[in-house]
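Reader: Could you walk me through how to read a few features here?
Author: Sure, let's take them one at a time.

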Amino acid sequence: MPAPATEARRAAVLGSPIAHSLSPVLHRAAYDRLGLDGWTYDRFDVDEAALPGFFAGLGPEWAGLSLTMPLKRAVIPLLDGISETAAAIETVNTVVFTEDGRRVGDNTDVPGMVAALRERGIEQVDTAAVLGAGATASSALAALARICTGEVVAYVRSEARAAEMRQWGERLEVEVRTADWADAAEALHFPLVVATTPAGTTDALAAAVPERPATLFDVLYDPWPTTLAARWSMYGGAVVGGLDLLVHQAVLQVEQMTGRAPAPVEAMRKAGEQALAAR
């Protein structure tokens, strides 16, 4: 457990680049609603080379850290332990500092994805498609391992990426079949499509959205909506966005770092929406 939430504590998000991060907005909104007046949450531009030195300078006032790229794997050797979820995909996005001085890593992206889908009524699917094969795609596979009863088809650009996705599938005990990105329009007919690619990558697929699409989970949140998400919504399909994921993974971080649950989901979501609208 983290130290008592009644004390003044510090937390922050680390990554490089980091100026775009909405994490401070979300966490500060939670602290305000939870009455944690002495708590602060900042952002620091830290790359892999600077990470060990940053960790070495942290004092007992620290409650936890959020991590984004490129630190989600680089942090692991600096920790005293990691959760099963984080170990399964070798990716840590959350570090909690315990009362006894230990630094423990977790991954809240995976349960955050599941929670975001559950919020939209998606508890289970027979099959799903994943667009992309990067770090977020491995988190998507881990989330699908919890809700997908059948095959997951991953659309990728190279055989090397395809091999990686198949390996992740074996490790996570998910039935993964890979397909060429040139055929990615086929993915849009699945009951659940998870788009994990960088901004602009799926724009060309928008013209192929079927007349009655099912559910799209697009992990991007800025700019929003993506071209694909906008077309999907126009055709009446359900859309889960990157802000949904960001909020739900942050909810779990707040609960772990402060020891307070439940975290104020709607207050955090509203703060995120307002911050995006102001950009």
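Reader: In which sense do β7 and β10 pair?
Author: Keep in mind that this is a predicted model. Strand β7 (residues 128–131) runs parallel to β10, with three bridges between them. Look for Ala 129, which sits opposite Val 193 in β10.

Reader: And how many bridges link β10 and β11?
Author: Four, again in the parallel sense, with β11 covering residues 215–218. Here Leu 192 is across from Thr 215 in β11.

Reader: Which residues of β10 are buried on each side?
Author: Leu 192 and Val 194 are buried on one side, Val 193 and Ala 195 on the other, so both faces of this strand (residues 192–195) are covered.

Reader: On to helices. What span should α1 have?
Author: Start from the general idea: an α-helix has 3.6 residues a turn, so residues three or four places apart point the same way. For length, use 1.5 Å a residue: the 12 residues of α1 (residues 23–34) should span 16 Å, and the end C-alpha atoms are indeed 16 Å apart. Buried residues of α1 include Leu 26, Ala 30 and Leu 34. The helix's buried residues pack against β1, β2, β3, α8 and α9. Just after α1, Gly 35 has a positive phi of about 75 degrees.

Reader: Is Asp 244 buried or exposed?
Author: Buried, because its relative accessibility is 9% and the cut-off is under 20%. Asp 244 lies in α8 (residues 242–258), and its side chain reaches the backbone nitrogen of Gly 241 at 2.7 Å. Beyond its neighbours within four places in sequence, Asp 244 contacts Ala 116, Glu 119, Arg 120 and Arg 269.

How values were computed: Residues are numbered from 1 along each chain as its sequence is written. This is a predicted model: local features need pLDDT of at least 70, side-chain atom pairs count only at pLDDT 80 or more; totals for chains, interfaces and linings use all residues. Side-chain values use heavy atoms; hydrogens and water are left out. Helices (H or I, at least four residues) and strands (E, at least two) are DSSP runs, numbered from the N terminus. Buried means under 20% relative accessible area, exposed over 50%, partly exposed in between (1.4 Å probe, protein chains only). A polar contact is a pair of N or O atoms within 3.5 Å; within protein, one must be able to donate a hydrogen and the other to accept it, and residues adjacent in sequence count only if both atoms are side-chain atoms. Contact means heavy atoms within 4.5 Å. Two strands pair if DSSP finds at least two bridges between them. The expected span of a helix is 1.5 Å times one less than its number of residues.
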